[in-house]
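Work through these exercises with the structure in view. Each task is followed by a worked solution.

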Amino acid sequence: MAGFAEITGDATIAGKVSPARMCAVAMAVVSPILGLAALLIWAGLPPEWMPSTTVSPQSAVTLTFPAVGAFLIHHRPRLNMAWLMCAGGLAGAVSDFSRALMFRAAADGDLAFAGWLRLPANVGWAVCGVTLAMLLPLYSPGGRLPSRRWRLVLLLGLAAITAELLHRVFRAPPVRSADYPFPAVIPNALQIPALTPFSETIMVVAWTGIYASMVLAALSLVLRLRLADPVGKRQIGWPLLAFSGYIVFLVAGTFVPVLIWPAIVWAAAIPFAVAFSVMRYRLYAIDTVISRAFVAAGLVAVVSGVYFGAGTLSSLLVSGYGQVAGVAAALFAGGFFQPLRRALQRAVDRLLYGAVGDPGVLAERLTQAVRRGDPANALTSVLGVLRDGLAVEGVAVEVADGEPRYVENGRVGEDPREVPLIWHGERVGRLLVGPPGPRRFPAAHNERVLATLTPYAADVAHAVRMAADLQRSRERILTTREEERRRLRRDLHDGLGQTLSAMAMTINMARIRLKNSPETADELLGELHAGMSAVTGDIRELVYGLRPPALDDLGLARAVRELAGQSSPDTAVEVEVEGSLQDLPAAVEVAVYRIVQEALTNIRKHADASLARIVLQRERPVLRVLISDDGKGLPKSYRSGVGLGSMRERAAELGGICVVGGEPGAGTRVEVMLPLLSAPSEALT
């Protein structure tokens, strides 16, 4: 909401209202002094005058509310919530101090003075309750009521707490009996005996109104939460969490007295929650606090119930074995812990974030979407799920060397958040997250959604890259094949074809001159013989370009050894063959021969190596080829040239892979793996 308060830190404005700051500081100092004085008085009371409860949420209020309120007033002197905090805390301190002093006076025998001290104790209690339990939540965090209709809630609270105040001020003191806890009855000079028959009814009605107005005041924050923008929702979350927790423990403390202590702690934390809301709400993940608080409370409640229930049941079934019952209860409760925590976390996430609150559900949606489409469509599905889960205005993905390179869902804006997409240590792109949309608590939930779904996005981005690489490889293979066909056609037509035509003409001329000029015919036949030798050489070159003759003459293993022998004399090349290389597919033999040939050429030109090693290893499904050297390795940043690209394309053409690696100074390593399922011997088996 645009009207929510933010701290400006304007020293000039603060200087003009120094009396207000001085008043706030005075209340912040006096209030805890009175609260501590009350505690000292309680500590010095004789046991017979010690009441059953001396500390209440009001005691915590006296220590924290005025101090935090004065701090806020120092920055925003006109902030009405800060003044409510100071006034309410001071009123609570006056109430605590007057009540403690009342019992001290009674213990000293001054019962009349003790009776008059009831009045400031009760008035302070009423002012504290109105300001902190009703006005403060109604006016938080922007300093205004949600609407005029909420004045009815304020009137209800004022009427209820006024009724209880009048009931306390004018009620008659109890008649001393054997059950009376104190040595004497403290009189009330303002008592109205006629109200005694209605005392119980007035108290029930008043406290019903008080609790109802407190709950409605907290609900006003829920209404603001639903109507606020994302930043406003995070701002409202702090006071909502504080007031809701306080009300829950306060009401529970009336039935289970030990729960009053959490209410005291919660009351002390309320001003800090309000301060976070007013000042620094952008820096704290309130949804995480709420989520963990609900999950922890649910775990404590359910696990405690399971523990005590299992312990009781075990004690009944195994009477006399208390230790066995305890162990059984602990094991039973421990077994419930982790499944319960996950269930509670999912439930709270759905409560805070709606239908997309469970990242696991988002991941399942994403998995189903990815299965139904190709990588490009899957990337669009990923963006749709991410946008729903993050509740942002737009999400986009940039894929490095992918096709498509950029996909956007919605509007990411001019300054999107960038999240790198990493696939097995390799950056394959980046995710761009736009500004948040109208949804509760965007910050911490976004991190959980990103942590869950980003790996899926990285997988799909990698698949898009691989699909683009495959398409480009197919295009290069097709282009290379057509270029090879064009070369063969040109060589056959322009070279071999022309030569054969000329030879045919020479034969005709030799036949014509054979009878009349044998010498000329003999010269023509000699030229024909030389032409036939040239044709034989051209055909040999064509055949060698299609398939190296060494493969047919020597076999793959000996052909590779022959290549190794033709290497540079400065580099020793070792060749190792594991398994039989017989009956390999012709395409595999050519690919291995050309890859080894290209690798040895690179070693001779660039590696500056003294030793190279070639390993051909045949297994049933694949043929592995390893070419390594002890040269200077690959530079830190290098780009694949024609040779390395050719090696990868030859492997990819057969459905295999070719990986080239090597650190600077540690040599280069080329690993090739080619499938052999199409080999004749494999097909027969």
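**Exercise 1: a residue and its surroundings**

V68 has a relative accessible area of 9%, so it is buried (under 20%; exposed is over 50%, partly exposed in between, with a 1.4 Å probe and protein chains only). The model is predicted: local features need pLDDT of at least 70, side-chain atom pairs count only at pLDDT 80 or more, and totals for chains, interfaces and linings use all residues. Residues are numbered from 1 along each chain as its sequence is written, and side-chain values use heavy atoms, with hydrogens and water left out.

Task: Find the helix that holds V68 and the residues that V68 contacts, leaving aside neighbours within four places in sequence.

Solution:
- Step one. V68 belongs to helix α3, residues 57-75 (a DSSP run of H or I, at least four residues, numbered from the N terminus).
- Step two. Its contacts (heavy atoms within 4.5 Å) are M85, P271, F272 and A275.
- Step three. Take P271: 203 residues separate V68 and P271 in sequence, yet their C-alpha atoms are 6.2 Å apart.

**Exercise 2: an aromatic pair**

Task: Classify the pair W42 and F103, and say what the pair ties together.

Solution:
- Step one. Six aromatic pairs are counted (ring centres within 6.5 Å, using the six-membered ring of Trp; planes under 30 degrees apart are stacked, over 60 edge-to-face, the rest tilted).
- Step two. The W42 and F103 centres are 5.6 Å apart and the planes lie at 50°, so the pair is tilted.
- Step three. W42 is in helix α2 (residues 18-44) and F103 in helix α4 (residues 80-107), so the pair ties together parts 61 residues apart in sequence.
- Step four. W42 is buried at 5%, and F103 is buried at 6%.

Conventions. Helix = DSSP H or I, 4+ residues; strand = E, 2+ residues; numbered from the N terminus.
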